[in-house]
Amino acid sequence: MTRTQGFLTFALTFCILLLGGLRAVVQADSPTQLTPEQIAQEAAPQQPELKPTTDTPEDRLRRGVSALERQTASNVPSVPGTRPANGAINTTPLKPTPGKIYAVLVGYDALFTSPMLPPRLLPENDVKAVAKALQDKGVESRNIAQLVDNDPCPFYLLPTRDNILATVASMANSAGSRDTLLVVVSGEGASVQGEPCFLAKKSNLMEVKNWIALSEIQALLSASKAQRIFLLWLADRVEVTSVPAEQVNALKRPVVVDPKTSFVTLFACSHQEIVNQNQGYDLFLQELLEEVNALDNFDDVDWFAIIARASQDVVEKTKDFKSPQKPEAVLVGR
C-alpha cells in the first residue's frame with residue numbers, strides 16, 4: 001500500500017466516525033418518537049396510590065371541628081348559647097333586653113276645676129307625679145305624654161277628646177313587641193247603660209259631644225304591638241240618665257285583643273270621700289306610686305304583682321268608708 005492509499009483510508013475512517021458522532025448528538029436533541037399507545041398512556045391522569053386507613057367518619061368530623069375551632073378561636077366570643085374556643089358549651093340562658101315604656105297620662109276634672117281646691121287634690125297633679133316617677137326610673141321623657149289643663153300648655157296637649165284619642169293612637173303605634181304601654185285616665189266620668197265614659201275638656205253631663213267611651217281607647221290600644229298594655233281607668237262610673245243611650249252607643253268601638261298580648265283594664269275610683277280624707281285625688285294612683293317609687297329600676301318588674309298590691313292596699317284603707325273602694329282588674333290575653 002502506497003503512502004497515498006494509507007492517507008485516504010485514514011481520512012475515510014475519520015469521516016465515518018465523525019458522522020456517527022454527529023448523528024448521535026442530533027438524535028439526543030430531537031423528541032422521541034412515541035407510538036399512539038404510548039401517547040394515550042402518558043395523557044391519562046395519574047391515580048394516587050391508595051393506602052389502607054382505619055379512620056372512621058366520626059374521626060374525620062372530630063378533626064374538622066378541632067381545626068375550625070383553632071381557626072376561629074381569636075374571634076369567637078363566649079356568649080350564652082355559643083361554643084367558645086375551648087369547646088365547652090356556655091349554658092347561661094340568654095337574658096332578654098328589657099323593652100321601653102310608653103305612657104299616656106290624662107288628668108282632667110271636668111266638674112271640679114275650682115282654684116279653691118288644694119293643688120294636690122287635682123287629677124293633673126297625680127298625673128305629674130306618675131310622670132316624674134317614670135322619668136326617675138329612666139323612662140325617656142319623649143315616651144311620656146301628659147295631657148292636663150295647665151296654663152300655659154300647648155294646644156295639642158290639652159285634654160280634649162281629639163287630643164286624647166290622637167295621642168293614645170300615636171303611642172300605641174310606637175310601642176314594639178317587647179314594650180309596655182301604660183295609659184292613665186284620671187278625672188270625672190259617667191256611665192250610660194254600662195259603658196264607662198270620660199268627660200274630656202269642655203264636657204258636661206248633658207251631652208256626649210266631648211265624652212270618650214272606654215271602648216274607644218281600648219280599641220286603639222288593642223291595635224298596638226306592645227307586649228303588655230295597662231289601662232288605668234280612674235274615672236267615676238256613676239250611671240247617668242241625662243243623655244240618650246244611643247248617643248253613647250255611637251261612641252262604642254269593637255275591641256279585639258291579640259291573645260299574645262297582656263291587656264289589663266283596671267277600674268278604681270271613688271274620689272269624693274278620698275278627697276275629704278285628704279289622701280289625694282285617687283287613692284289607687286297614690287298606692288301605685290308608692291310601689292313604683294320603691295323600685296330600683298324597671299328591669300324584670302312584675303307589673304301584675306305591683307297592681308295587685310296597690311289594689312289590696314286600697315281595699316284595706318277604705319274598708320271603713322261609706323263607699324269602700326274595690327279596684328277591679330280585667331285581664332285579656334296571656
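Is Lys 202 buried or exposed in this structure? Lys 202 is exposed, with a relative accessible area of 64%. Keep that residue in mind, as we return to it in one of the views below. The model shown here is predicted.

**View 1. The whole chain: 10 helices and 9 strands.**
Let's begin with the overall picture. The protein chain has 334 residues, and 38% of them count as buried. Among contacts with a separation of 6 or more, 72% join residues that lie 24 or more positions apart. The average pLDDT of the chain is 75, and 63% of the residues score at least 70.

**View 2. Where the predictor's confidence is low and where it is high.**
Of the chain's elements, helix H5 has the highest mean pLDDT, at 95, while helix H8 (residues 271-276) has the lowest, at 47. Residues 67-95 have a pLDDT below 50, and beyond near neighbours in sequence this stretch has 23 contacts in the model. Residues 272-279 also stay under 50; here the model has 18 contacts beyond four places in sequence. Please read these two stretches with care.

**View 3. Helix H5 beside helix H6.**
How do these two helices meet? H5 covers residues 161-174 and H6 covers residues 214-222. Their axes come within 8 Å and cross at roughly 20°. Because angles under 35 degrees count as roughly parallel, H5 is roughly parallel to H6. The crossing of H5 past H6 is right-handed. On the H5 side, the residues in contact are Arg 161, Leu 165, Val 168, Ala 169 and Ala 172; on the H6 side, they are Glu 216, Ile 217, Leu 220 and Leu 221. Sorted by kind, the residues of this contact are 7 nonpolar, no polar and 2 charged.

**View 4. Helix H9 packed against helix H10.**
Here is a second pair to set beside the previous view. H9 (residues 283-293) and H10 (residues 303-317) pack at an angle of about 135°, with their axes 9 Å apart. That angle makes H9 oblique to H10, and the crossing is right-handed. From H9, the contact involves Leu 283, Phe 284, Glu 287, Leu 288, Glu 291 and Val 292. Their partners in H10 include Trp 303, Ile 306, Ile 307 and Arg 309, and also Asp 313 and Lys 317. The residues of this contact divide into 9 nonpolar, 1 polar and 5 charged.

**View 5. Helix H9, a mostly covered helix.**
How many of the 11 residues of H9 are buried? The count is 8, so H9 is described as mostly covered, with buried meaning under 20% relative accessible area. Leu 283, Phe 284, Leu 285 and Glu 287 are buried, and so are Leu 288, Leu 289, Glu 291 and Val 292.

**View 6. Leu 232 and its neighbours.**
Leu 232 is part of strand S7 (residues 228-235). Its relative accessibility is 2%, so Leu 232 counts as buried. Setting aside residues up to four places away in sequence, Leu 232 touches Leu 182, Val 183, Val 184 and Val 185. Leu 232 also touches Leu 266, along with Phe 284, Leu 285 and Leu 288. Ala 329 lies 97 residues from Leu 232 along the chain, and the C-alpha atoms of the two are separated by 9.0 Å.

**View 7. Asp 126 in helix H4.**
Helix H4 spans residues 123-136 and includes Asp 126. Is Asp 126 buried or exposed? Asp 126 counts as buried because its relative accessibility is 3%. Between the C-alpha atoms of Asp 126 and Leu 105 the separation is 9.5 Å, and these residues are 21 apart along the chain.

**View 8. Two loop residues with a positive phi: Gln 193 and Lys 202.**
Most residues other than glycine have a negative phi. Gln 193 is not a glycine, yet its phi is positive, at about 50°. You will find Gln 193 in the loop between strand S4 (189-192) and strand S5 (195-199). With a relative accessible area of 56%, Gln 193 is exposed. Lys 202 is not a glycine either, and its phi is positive, at about 70°. Lys 202 sits in the loop between S5 and strand S6 (211-213). This is the residue from the opening question, exposed with a relative accessible area of 64%.

Note on methods:
Residues numbered from 1 in each chain as written. Predicted model: local features only at pLDDT ≥ 70, side-chain atom pairs only at ≥ 80, totals over all residues. Heavy atoms only, no water. Axes fitted to C-alpha atoms, helices over the stretch in contact; angles between N-to-C directions. Helix = DSSP H or I, 4+ residues; strand = E, 2+ residues; numbered from the N terminus. Parallel < 35°, antiparallel > 145°, perpendicular 65-115°, else oblique. Left-handed = near helix turned anticlockwise from the far one by under 90°. Contact = heavy atoms within 4.5 Å. Nonpolar A, V, L, I, M, F, W, Y, C, P; charged D, E, K, R; others polar. Buried < 20%, exposed > 50% of the residue type's maximum accessible area, 1.4 Å probe, protein only. pLDDT = per-residue confidence, 0-100.
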